[in-house]
Amino acid sequence: MHEMAIAQSVLEIVLDECRRHRMKTVDRINVQVGALAAVVPEALTFCFQVVAQGTPAENAALDIETVPVVMRCPLCGELFEMEDRLDMCPQCGPVVSGLSLISGREMTVMSIEGRGSDDGA
Ligand SMILES: [Zn+2]
(Lines give C-alpha, C1' and ligand atoms only; values in the text may rest on other atoms or scores of the structure.)
Protein backbone atom coordinates (compact mmCIF):
# COMPACT_ATOMS: atom_id res chain seq x y z
CA MET A 1 0.00 0.00 0.00
CA HIS A 2 1.27 3.38 -1.14
CA GLU A 3 0.09 5.24 1.98
CA MET A 4 2.11 2.87 4.18
CA ALA A 5 5.38 4.05 2.63
CA ILE A 6 4.40 7.68 3.12
CA ALA A 7 3.33 7.01 6.71
CA GLN A 8 6.72 5.48 7.37
CA SER A 9 8.50 8.52 5.92
CA VAL A 10 6.38 10.82 8.08
CA LEU A 11 7.15 8.76 11.15
CA GLU A 12 10.89 8.84 10.48
CA ILE A 13 10.86 12.63 10.22
CA VAL A 14 8.72 12.94 13.35
CA LEU A 15 10.90 10.62 15.43
CA ASP A 16 13.95 12.51 14.27
CA GLU A 17 12.41 15.76 15.48
CA CYS A 18 11.44 14.08 18.76
CA ARG A 19 15.05 13.18 19.43
CA ARG A 20 16.24 16.64 18.48
CA HIS A 21 13.73 18.44 20.69
CA ARG A 22 13.55 15.81 23.43
CA MET A 23 9.84 15.32 22.92
CA LYS A 24 8.26 12.42 24.74
CA THR A 25 4.78 12.76 23.34
CA VAL A 26 3.68 14.00 19.95
CA ASP A 27 0.20 15.55 19.93
CA ARG A 28 -0.23 16.78 16.40
CA ILE A 29 1.52 16.53 13.07
CA ASN A 30 0.80 18.77 10.11
CA VAL A 31 1.61 17.16 6.80
CA GLN A 32 1.32 18.57 3.31
CA VAL A 33 0.84 16.07 0.54
CA GLY A 34 1.01 16.93 -3.14
CA ALA A 35 -2.05 16.19 -5.20
CA LEU A 36 0.01 13.98 -7.52
CA ALA A 37 0.88 11.72 -4.62
CA ALA A 38 -2.81 10.72 -4.72
CA VAL A 39 -2.95 10.04 -1.01
CA VAL A 40 -6.23 9.12 0.63
CA PRO A 41 -6.10 11.03 3.94
CA GLU A 42 -8.09 8.38 5.83
CA ALA A 43 -5.76 5.66 4.60
CA LEU A 44 -2.68 7.67 5.52
CA THR A 45 -4.05 8.33 9.01
CA PHE A 46 -4.78 4.64 9.44
CA CYS A 47 -1.33 3.61 8.22
CA PHE A 48 0.33 6.17 10.43
CA GLN A 49 -1.45 4.81 13.50
CA VAL A 50 -0.18 1.36 12.59
CA VAL A 51 3.47 2.32 12.05
CA ALA A 52 3.55 4.75 15.00
CA GLN A 53 2.51 2.15 17.57
CA GLY A 54 4.92 2.04 20.47
CA THR A 55 6.57 5.34 19.48
CA PRO A 56 6.07 8.82 21.02
CA ALA A 57 3.80 9.59 18.06
CA GLU A 58 1.33 6.76 18.58
CA ASN A 59 -1.49 9.04 19.76
CA ALA A 60 -0.70 11.99 17.54
CA ALA A 61 -3.39 13.54 15.39
CA LEU A 62 -2.41 13.75 11.76
CA ASP A 63 -3.49 16.90 9.93
CA ILE A 64 -3.23 16.27 6.21
CA GLU A 65 -3.39 19.14 3.76
CA THR A 66 -3.41 18.46 0.06
CA VAL A 67 -1.45 20.97 -2.01
CA PRO A 68 -2.16 21.51 -5.70
CA VAL A 69 0.11 20.42 -8.49
CA VAL A 70 2.00 23.46 -9.80
CA MET A 71 3.76 23.38 -13.16
CA ARG A 72 6.05 25.82 -14.94
CA CYS A 73 5.72 26.41 -18.66
CA PRO A 74 9.05 26.26 -20.55
CA LEU A 75 7.87 28.80 -23.12
CA CYS A 76 6.55 31.69 -21.05
CA GLY A 77 7.72 30.73 -17.56
CA GLU A 78 4.18 30.90 -16.25
CA LEU A 79 3.45 28.99 -13.04
CA PHE A 80 0.05 27.40 -13.05
CA GLU A 81 -1.95 24.83 -11.17
CA MET A 82 -2.67 21.65 -12.99
CA GLU A 83 -6.34 20.88 -13.29
CA ASP A 84 -6.77 17.67 -15.18
CA ARG A 85 -4.25 17.99 -17.99
CA LEU A 86 -0.53 17.93 -17.43
CA ASP A 87 0.35 19.53 -20.75
CA MET A 88 -1.66 22.76 -20.97
CA CYS A 89 -0.29 26.21 -20.26
CA PRO A 90 -3.02 28.83 -19.68
CA GLN A 91 -0.97 31.27 -21.82
CA CYS A 92 0.44 29.11 -24.59
CA GLY A 93 -2.02 26.26 -24.76
CA PRO A 94 -0.75 22.74 -25.25
CA VAL A 95 2.93 22.28 -24.48
CA VAL A 96 4.56 19.22 -25.91
CA SER A 97 7.44 18.87 -23.50
CA GLY A 98 9.54 20.67 -20.96
CA LEU A 99 6.97 21.48 -18.32
CA SER A 100 8.58 21.40 -14.89
CA LEU A 101 6.81 20.14 -11.84
CA ILE A 102 7.17 22.80 -9.15
CA SER A 103 5.10 21.17 -6.45
CA GLY A 104 2.48 18.53 -6.03
CA ARG A 105 4.36 15.29 -5.79
CA GLU A 106 6.07 15.60 -2.48
CA MET A 107 5.19 14.94 1.10
CA THR A 108 6.30 17.57 3.62
CA VAL A 109 6.03 17.51 7.38
CA MET A 110 5.16 21.14 8.11
CA SER A 111 5.06 21.14 11.89
CA ILE A 112 5.02 18.86 14.87
CA GLU A 113 3.47 19.65 18.23
CA GLY A 114 4.54 17.68 21.21
CA ARG A 115 5.50 17.72 24.82
CA GLY A 116 8.84 17.31 26.48
CA SER A 117 9.99 14.96 29.16
CA ASP A 118 10.61 17.25 32.12
CA ASP A 119 7.25 18.26 33.56
CA GLY A 120 4.81 17.90 30.71
CA ALA A 121 5.13 21.55 29.78
ZN1 LIG B 1 3.24 29.12 -21.40
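Helices and strands are taken here as DSSP runs, of at least four residues (H or I) and at least two residues (E) respectively, and are numbered from the N terminus. In these terms Ala38 lies in the loop between β1 and α2. The structure described below is a predicted model, in which the protein chain averages a pLDDT of 89 and 92% of the residues score at least 70. Among the elements of the chain, the mean pLDDT is highest for α2, at 96, and lowest for β5, at 84.

The zinc ion is coordinated by the SG atoms of Cys73, Cys76, Cys89 and Cys92, at 2.2 to 2.4 Å. The 4 donor atoms subtend angles of 106 to 113° around the zinc ion, and the arrangement is therefore tetrahedral. Along the chain, the donors follow the spacing C-x2-C-x12-C-x2-C. Because Cys73 belongs to the loop between β3 (70-72) and β4 (79-81), whereas Cys89 belongs to strand β5 (residues 88-89), this pair ties together parts that are 16 residues apart in sequence. The UniProt record, an unreviewed entry, places the feature "binding site" at Cys73, Cys76, Cys89 and Cys92. These four positions span 20 residues in sequence, yet no two of their C-alpha atoms are more than 8.8 Å apart, so they gather at one spot.

The surroundings of individual zinc ligands can be described further. Cys73 and Cys89 are both buried; for Cys89, the assignment as buried follows because its relative accessible area is 2%, where the cut-off is under 20%. Cys89, placed in strand β5, touches Cys73, Cys76, Glu78, Phe80 and Val95 when residues up to four places away in sequence are not counted. Cys76, by contrast, is found in the loop between β3 and β4, and counts as partly exposed because its relative accessibility is 39%. Leaving aside neighbours within four places in sequence, the contacts of Cys76 are with Cys89, Gln91 and Cys92.

Attention turns next to helix α2. In this helix (residues 41-51), Leu44, Cys47, Phe48 and Val51 are buried. These residues cover an arc of only 105° around the axis, so they are on the same side of α2. In general, an α-helix has 3.6 residues a turn, and residues three or four places apart therefore point the same way. The buried residues of α2 are covered by parts of the chain that include α1 (2-21), β1 (23-34) and β2 (61-67).

A further position named in the UniProt record is His2, at which the unreviewed entry also places the feature "binding site". His2 is located in helix α1 and, because its relative accessibility is 42%, counts as partly exposed. Apart from neighbours within four places in sequence, His2 is in contact with Ala37, Ala38 and Val39.

Ala38, one of these contacts of His2, is also notable for its backbone. Most residues other than glycine have a negative phi, whereas phi of Ala38 is near 50°, a positive value in a residue other than glycine. Ala38 is exposed, because its relative accessible area is 54%. A positive phi, of about 50°, is likewise found at Arg22, although Arg22 is not a glycine. Arg22 lies in the loop between α1 and β1 and counts as exposed because its relative accessibility is 65%.

The loop between β7 (100-103) and β8 (107-116) contains Arg105, which counts as exposed because its relative accessibility is 58%. The C-alpha atoms of Arg105 and Ala35 are separated by 6.5 Å, although the two residues are 70 residues apart along the chain. When neighbours within four places in sequence are left aside, Arg105 is in contact with Gly34, Leu36 and Ala37. Ala37 therefore has contacts with both Arg105 and His2, given that contact means heavy atoms within 4.5 Å.

Key
Residues are numbered from 1 along each chain as its sequence is written. This is a predicted model: local features need pLDDT of at least 70, side-chain atom pairs count only at pLDDT 80 or more; totals for chains, interfaces and linings use all residues. Side-chain values use heavy atoms; hydrogens and water are left out. Donors are N, O and S atoms within 2.8 Å of the metal (3.2 Å for Na, K and Ca); water is not among the atoms, so sites may look incomplete. Four donors count as tetrahedral if all angles lie between 85 and 135 degrees; four count as square planar and six as octahedral if opposite donors are over 155 degrees apart and all others between 65 and 115; anything else is irregular. Buried means under 20% relative accessible area, exposed over 50%, partly exposed in between (1.4 Å probe, protein chains only). The arc is that of the directions from the helix axis to the C-beta atoms. pLDDT is the predictor's confidence in each residue, from 0 to 100. UniProt positions are given in the numbering used here, feature names are shortened, and annotations may be inferred rather than shown by experiment.
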